[in-house]
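Colleague: I've just opened this one and I'm new to it. Could you walk me through it?

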Amino acid sequence: MSEELFPPPAVQVAAGAVHLPRRLAPGAQRELLAACRRWAVPPAGLRTVRMPNGSRMSVRQVSLGRHWYPYGYAATVVDGGGEPVKPFPDWLGRWARAAVDAAAEVAGEPVFGAVPCAVEYDIALVNFYGDGARMGMHRDSDERSAAPVVSFSLGDACVFRFGNTEGRGRPLGVPPDEVWGRDVELRSGDAFVFGGPARLAYHGVPRTEPGSAPPALGLRGRVNVTVRAY
Ligand SMILES: O=C(O)CCC(=O)C(=O)O
Ligand SMILES: [Fe+2]
């Protein structure tokens, strides 16, 4: 990936959904990646998620704070070895609140609630995308809290598709060859905040761009950390 002089500006892609390009400086990216590598180690480390229909997610995952399984949260790895989930670190909550404040400034209206953000973030899902991994359109709807979700991306770029709250499919009347929803390129260091009217919007990752990670990061593939309040 070529070095850029300036990142693109932050943009609200839909009401309540804000892309913050290169939110994390290279040092913060390395710090988060080092933490992800520690979290990936057993017990309660990186795992392949089995869906209720027997299929497996192509993305491998680690939970912090509470263990996510399809479809709920538990204190232990209930669909694996039963170990207690790793704790959610306070610093990650601070990073998330700061990103919400930055997003609120871009939105220009109080779509995310109190400013400064006072959400007590307590869970995170860490997703590892190898070459060819993807994530289907879904909503993050297993949390009881309506607090905004904050995602941080590391490594390979990806296409992040942000749809609407109505359904995961192509809306009626949109021809099959037409892009629907908003496709946003998420690159290493980017944050994406979705809350308020966008909190329950469908979203997914149709593809990553293997080999596009910044060489200095030393990561093959893509890592995404979504910070949430339970
Ligand atoms: O990888 C991403 O950018 C999105 C991840 C996601 O949607 C999720 O973990 O629920
Ligand atoms: Fe999600």
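Colleague: Let's start with Val-100. Leaving aside its neighbours within four places in sequence, which residues is Val-100 in contact with?

Modeller: Keep in mind that this is a predicted model. Contact here means C-beta atoms within 7 Å. With neighbours within four places in sequence left aside, the contacts of Val-100 are Phe-112, Cys-117, Val-119, Pro-148, Val-150 and Val-193.

Colleague: And the largest nonpolar core, which of its residues touch the most other members?

Modeller: That core has 53 residues. Helix H2 (residues 90-107) gives the largest share of this core, seven residues. The ones that touch the most other members are Ala-99, Val-100, Ala-124 and Val-193.

Colleague: Moving to helix H1, which of its residues are buried?

Modeller: H1 covers residues 26-39, and its 14 residues reach 20 Å from first C-alpha to last, close to the 20 Å expected. To count as buried, a residue needs 20 or more other C-beta atoms within 10 Å of its own. In H1 the residues that qualify are Gln-29, Leu-32 and Cys-36.

Colleague: Why are those on the same side of H1?

Modeller: An α-helix has 3.6 residues a turn, so residues three or four places apart point the same way. On the other side of H1 you'll find Gly-27, Ala-34, Arg-37 and Arg-38, which are exposed. As for the buried residues of H1, they share a side because the arc they cover around the axis is only 70°.

Colleague: Which strands do the buried residues of H1 pack against?

Modeller: We're talking about Gln-29, Leu-32 and Cys-36 here. Their packing partners are strand E7 (123-129), strand E9 (149-155) and strand E14 (222-228).

Colleague: Now the ligand. How many nonpolar, polar and charged residues does the shell around ligand 1 have?

Modeller: Among the residues surrounding ligand 1 are Leu-125, Asn-127, Asp-140, Ser-151, His-203 and Thr-226. E7, E9, strand E13 (203-209) and E14 each supply at least two residues of that shell. By class, the shell comes to five nonpolar, six polar and one charged.

Colleague: Arg-222 caught my eye. Is Arg-222 buried or exposed?

Modeller: Arg-222 sits in strand E14. Leaving aside neighbours within four places in sequence, its contacts include Tyr-129, Ser-153, Asp-156 and Thr-208. There are 27 other C-beta atoms within 10 Å of Arg-222, and the cut-off is 20 or more. So Arg-222 is buried.

Colleague: What about odd backbone spots: which residue does a cis peptide bond join to Val-115?

Modeller: Omega for that bond is about -5°. The partner is found in the loop between H2 and E7. The residue is Pro-116.

Colleague: Pro-70 has a cis peptide bond too, so what is omega there?

Modeller: That bond joins Pro-70 to Tyr-71. Tyr-71 is in the loop between strand E5 (67-69) and strand E6 (72-74). Omega is about 0°.

Colleague: Last one: what is phi of Ala-44?

Modeller: Look in the loop between H1 and strand E3 (47-50), where Ala-44 has its place. Ala-44 is buried, with 20 other C-beta atoms within 10 Å. Although Ala-44 is not a glycine, its phi is positive, about 55°.

Key:
Residues numbered from 1 in each chain as written. Chains lettered and ligands numbered in written order. Predicted model: local features only at pLDDT ≥ 70, side-chain atom pairs only at ≥ 80, totals over all residues. Helix = DSSP H or I, 4+ residues; strand = E, 2+ residues; numbered from the N terminus. Expected span 1.5 Å × (residues − 1). Buried ≥ 20, exposed ≤ 12 C-beta atoms within 10 Å, placed from the backbone. Arc of directions from axis to C-beta. Contact = placed C-beta atoms within 7 Å. Core = buried A, V, L, I, M, F, W, Y, C linked by C-beta atoms within 7 Å. Near = placed C-beta within 6 Å. Nonpolar A, V, L, I, M, F, W, Y, C, P; charged D, E, K, R; others polar.
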